[in-house]
Amino acid sequence: MPSRTVAIVGGGFGGIGAAVMLRRAGYRDVEVFERGERIGGVWHHNTYPGAACDIPSHLYEFSFAPNPRWSRRFAPQAEIQTYLEDVAARHGVVARTGTDVTAARWDGERWRIETSAGPHVADVLLTACGQLSVPSIPPLPGLGRFAGPAFHTARWRHDVDLTGRRVAVVGTGCSAIQVVPAIQPIVGRLDVYQRSPGWTIPRMDFAYRERTKRLLERFPVLQRIDRASIQAFHELGAAAMTRHRWLLKPFRALGRSQINRAIQDPELRRKVTPADEVGCKRIMLTDDWYPTLARDNVELVTDRIAEITEAGIRTADGTERPADAIVLATGFASHEFVAPMEIAGEGGRTLAEAWGDIPRAYLGITVPGFPNLFLLYGPNTNGGSGSVIYTIECAMRHVLAALEALERADARRIEVRREAAERFDRELRAALAGTVWHTGCTSWYVDENGNDPSQWPWMWRTYRRRTAELDPSAYALS
């Protein structure tokens, strides 16, 4: 029976998945800390109208916990939250909810962790904070003086009734294309402020019939086949965005066709048609975004926002549009992988100091100078296609291999060698340079200095292969 004690920061898919996989491997002393009042992470916090996954349900689930009872091809937020809570309950994972982890320090032997509930000590520290957990609030001049409610989609104000109101939505990304169609039928007026358009492809969502669910329950192999087919499609997307850019042509044609079918007004068509390469920003799946923008009570505003006034939003051309409420669909601070924690490793050096201008980690998981620390959904483990849950499971297999090496050697600590981490980082940066994400668009993948701490520049089967085993030459045991 493994004897290491493990602390996990984060109670979303990463944290719960890690805890379950650790328990299945025999680890019993595992603590999960979650700052929210419930587990769920992004699916607990994002409760805006229309919130749903943009990965088909049979791939957006743990491989060890298939759910044949999903209601739809693309599961809605509440159902995903219920699924995660059910997985935790079935596997005996109980998180310390409502508990902030503020700091963690390696004392030479163990991790000393500061939490809002008091100190904690563990042999191993896993962070599963997620890349999309800290809302990004843009520095809009005057936002604080707006007289009405103004809130981020990730902190939706359910006490604010938007019926018949004049609503301004800032942003046209993944959250906006869900919330705008959901609220359009009930609001009086809807102004959508766009900085730059993104490419979309049809979502083709549908409800599963009861007989389909029963069939999947009776013959689990059918769900595994569906999962494999979805993964194959996403691998095609990964190939198109990384190695074989000619594969992007069908996606571009599909996006243009979707615009032209839904929108007749040539000026609106011009506004929503991207000028950048398809895939440079995340490709969004939707069936109702463009029809909604063409509704009589909706205006797509592409002029730059100059300031927020007490009564609405003034754009650079001098036009002020009144608003009763402002919704910020402005994404997340996606490069703050462990925020707001401070993690101090060997010699007291913090992770922020070690990273400097750009977060880096070997296989997105380990960092030199930080023994027994593992990052889940860490730097450069995101993609323009694919399921984060698939990636998390791959990373956890690597973590388990590292812990097994510790047990086998009866060692106290395991740490990635600096030369191995630097060699991997050089390989990764060289591969990133040829991907679609570095063709010149503005996206959350790449920071203002052109650094990319987010994307994985190869196929997902490559990530699975490279994380499946522990390279003994890459790690030091002591």
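A salt bridge is taken here as a side-chain nitrogen of Lys or Arg within 4 Å of a carboxyl oxygen of Asp or Glu. The model is predicted: local features need pLDDT of at least 70 and side-chain atom pairs count only at pLDDT 80 or more, while totals for chains, interfaces and linings use all residues. Residues are numbered from 1 along each chain as its sequence is written, and side-chain values use heavy atoms, with hydrogens and water left out.

## Salt bridges

A search of the whole structure returns 30 salt bridges. Three of the pairs are listed below.

| Pair | Closest N and O atoms |
|---|---|
| Asp86 and Arg90 | 2.8 Å |
| Asp324 and Arg165 | 3.7 Å |
| Arg270 and Glu267 | 2.5 Å |

Helices and strands are DSSP runs numbered from the N terminus, with helices being H or I of at least four residues and strands E of at least two. Arg270 and Glu267 both belong to helix 8 (residues 266-272), where three residues, about one turn of the helix, set them apart. Residues are called buried under 20% relative accessible area, exposed over 50%, and partly exposed in between (1.4 Å probe, protein chains only). With a relative accessibility of 52%, Arg270 is exposed, whereas Glu267 is partly exposed at 36%.

Asp86 and Arg90 are four residues apart in helix 3 (residues 77-90), so about one helical turn separates them. Both ends of this bridge are partly exposed: Asp86 has a relative accessible area of 36%, and Arg90 has a relative accessibility of 48%.

The bridge of Asp324 with Arg165 has its closest N and O atoms 3.7 Å apart. It links distant parts of the chain, 159 residues apart: Asp324 is in the loop between strand 16 and strand 17 (325-328), and Arg165 is in the loop between strand 8 and strand 9. Arg165 is partly exposed, at 33% relative accessibility. Elsewhere, a network of salt bridges links Arg145, Glu307, Arg314 and Glu320.

## Parallel sheets

Strands of a sheet pair through backbone hydrogen bonds, either parallel or antiparallel. Two strands are counted as paired if DSSP finds at least two bridges between them.

One open sheet has five strands in the order 3-2-1-7-19, with parallel pairing. Strand 3 (95-96) and strand 19 (373-375) are at its edges; each has a single partner strand, so one side of each is left without a neighbour in the sheet. Strand 2 (residues 30-33) pairs with strand 3 in the parallel sense over two bridges, and Phe33 stands opposite Arg96 in strand 3. Helix 1 (residues 13-24) lies across strand 1 (6-9), strand 2 and strand 7 (124-127), running at about 160° to strand 1. Such angles run from 0 to 180 degrees between N-to-C directions, and the axes are lines fitted to C-alpha atoms, for helices over the stretch in contact; contact means heavy atoms within 4.5 Å.

Another open sheet, also parallel in its pairing, has five strands in the order 8-17-9-10-13. Its edge strands are strand 8 (150-152) and strand 13 (298-301), each pairing on one side only. From one strand to the next, the twist averages 20°. Strand 10 (residues 189-193) is joined to strand 13 by four bridges in the parallel sense, with Tyr193 opposite Val301 in strand 13. Helix 4 (residues 176-183) lies across strand 9 (166-170) and strand 10, at about 170° to strand 9.

## Antiparallel hairpins

Strand 14 (residues 305-308) and strand 15 (residues 312-315) pair in the antiparallel sense over three bridges. They form a hairpin with three residues between them, and Ile308 has Ile313 in strand 15 as its bridge partner. Strand 15 also pairs with strand 16 (residues 320-322), antiparallel and over three bridges; here Gly312 stands opposite Pro322 in strand 16. The hairpin of strand 15 and strand 16 has four residues between the strands, and in it Gly318 takes a positive phi near 95°.

## A buried glutamate

Glu393 is located in helix 11 (residues 388-409). Its relative accessibility is 3%, so Glu393 counts as buried. Leaving aside residues up to four places away in sequence, Glu393 touches Met21, Glu61, Phe62, Ser63, Phe64 and Arg227.
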